[in-house]
Amino acid sequence: MRKGIELYSFKEIERIRRACQIVAEVLHILAENVKPGVTPWDLEMIAREETKKRGAKPAFLNYRPPFHRDPYPAALCVSINDEVVHGLPKKDRVIEEGDLVSIDFGVIIDGYAGDSAITVPVGRITEDRERLMRATKEALERAVAKAKAGNWLSEIVETIHSTAEEYGVYPVLRYGGHGIGRKVHEEPFVPNNRKDLGKKDVKLRQGMVIAIEPMFALGTEETIQDGDGWTVRTKDGSPSAHFEHTVAVTKDGPMILTEI
Ligand code: MF3
Ligand code: CO
């Protein structure tokens, strides 16, 4: 352990990968079920069932993250349009054509965790929303490519932030990625906005496993907390997108664990 950052062996990374593969499979099924008329709670039920089938446990359900007072009450975060992250899956919200539905999901199996998120467009979406999605996906891809031993964490942050600028969208403040492995949230914090970079940088080393998760919004980097205590929204009501992969820093470079 170095500065509180865990380093994982090849064998352990294989176990993290098992968790990540289940996350990817379930997210794939969920994406196919995102349609007008479906509620976030319907997706929650599918996620629980598909996780159980695979012998895993939802990582977020009843888990108290380090940034919150209370345990999270669901397996999924479903964040629609102006909801950025940690959206509580509701029974009374209906998904509609044109929506951007972000689904964030994690599992634990055999003592190891995996975490991933996707944003699914519902039917036809506006060009602005299309650009926002492309920017966020592109930022994740470019950031993953930087997850190499010897690179600095700040290079990942800079890549994410500058990709947002290139597309004319905003990297939200205060929320970001994290180390992951035996626990869902480990050191280091991986900001999306360069204003959130601390004074100390972190050099990436072989054996680190991090979740990289750009969250971009169309009109602002500022967010507000919804009255439900969890859901985070954009301050200006503009839509947002979120993509996340769990990535291992290996001797052969970055390895995306949450890709099928
Ligand atoms: N991927 C999200 C994150 O890292 C999932 C958190 S869910 C919660 O913040 F349970 F921790 F809320
Ligand atoms: Co995460």
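Let's start with the ligand: 14 residues surround ligand 1, and the ones that come nearest are His86, Asp104, His178, His185 and Glu213. Keep in mind as you look around that this is a predicted model. If you sort that shell by residue class, you get seven nonpolar residues, three polar ones and four charged ones.

Now zoom in on the atoms of the ligand. Glu213, already met as one of the nearest residues, has a side-chain N or O atom 3.0 Å from an oxygen atom of ligand 1. The nitrogen side of the story involves two other acidic side chains. For aspartate 115, an N or O atom of the side chain lies 3.1 Å from a nitrogen atom of ligand 1. For glutamate 244, the distance from a side-chain N or O atom to a nitrogen atom of the ligand is also 3.1 Å. How much of ligand 1 does the protein cover? On its own the ligand has 330 Å² of accessible area, and the protein covers 98% of that.

So where is the ligand, in terms of the protein's hollows? Ligand 1 sits in the largest pocket. That pocket holds about 420 Å³ of space. Its lining is made up of 26 residues, and Phe67, His86, Gly176, His178 and His185 are the closest to the pocket's centre. A few of these names should ring a bell: His86, His178 and His185 are also among the residues that come nearest to the ligand.

Next, try tracing the lining back to the strands. Two elements, β7 (176-179) and β8 (186-191), give two or more residues to the lining of the largest pocket. Of the elements, β8 gives the most, supplying four residues. Taken by class, the lining has 14 nonpolar residues, five polar ones and seven charged ones.

There's another hollow to visit before we finish. The second largest pocket has about 330 Å³ of space. Which residues lie closest to its centre? They are Ser116, Ile118, His245, Thr258 and Glu259, out of 18 that line this pocket. Here the elements to look for are α1 (10-33), β5 (112-121) and α3 (127-145), each of which supplies at least two residues of the lining. By class, this second lining splits into ten nonpolar, four polar and four charged residues.

Terms used. Residues numbered from 1 in each chain as written. Chains lettered and ligands numbered in written order. Predicted model: local features only at pLDDT ≥ 70, side-chain atom pairs only at ≥ 80, totals over all residues. Heavy atoms only, no water. Near = heavy atom within 4 Å. Polar contact = N/O pair within 3.5 Å; in protein donor to acceptor, adjacent residues only side chain to side chain. Areas by Shrake-Rupley, 256 points an atom, 1.4 Å probe, with all protein chains shown as cover. 1 Å grid on protein atoms, 1.4 Å probe; cavity = no way out; pocket = protein on both sides within 12 Å on 5 of 7 lines; lining within 4 Å. Sits in = over half its atoms within 2 Å of the grid points. Nonpolar A, V, L, I, M, F, W, Y, C, P; charged D, E, K, R; others polar. Points joined across faces, edges and corners; volume = space filled by probe spheres on them.
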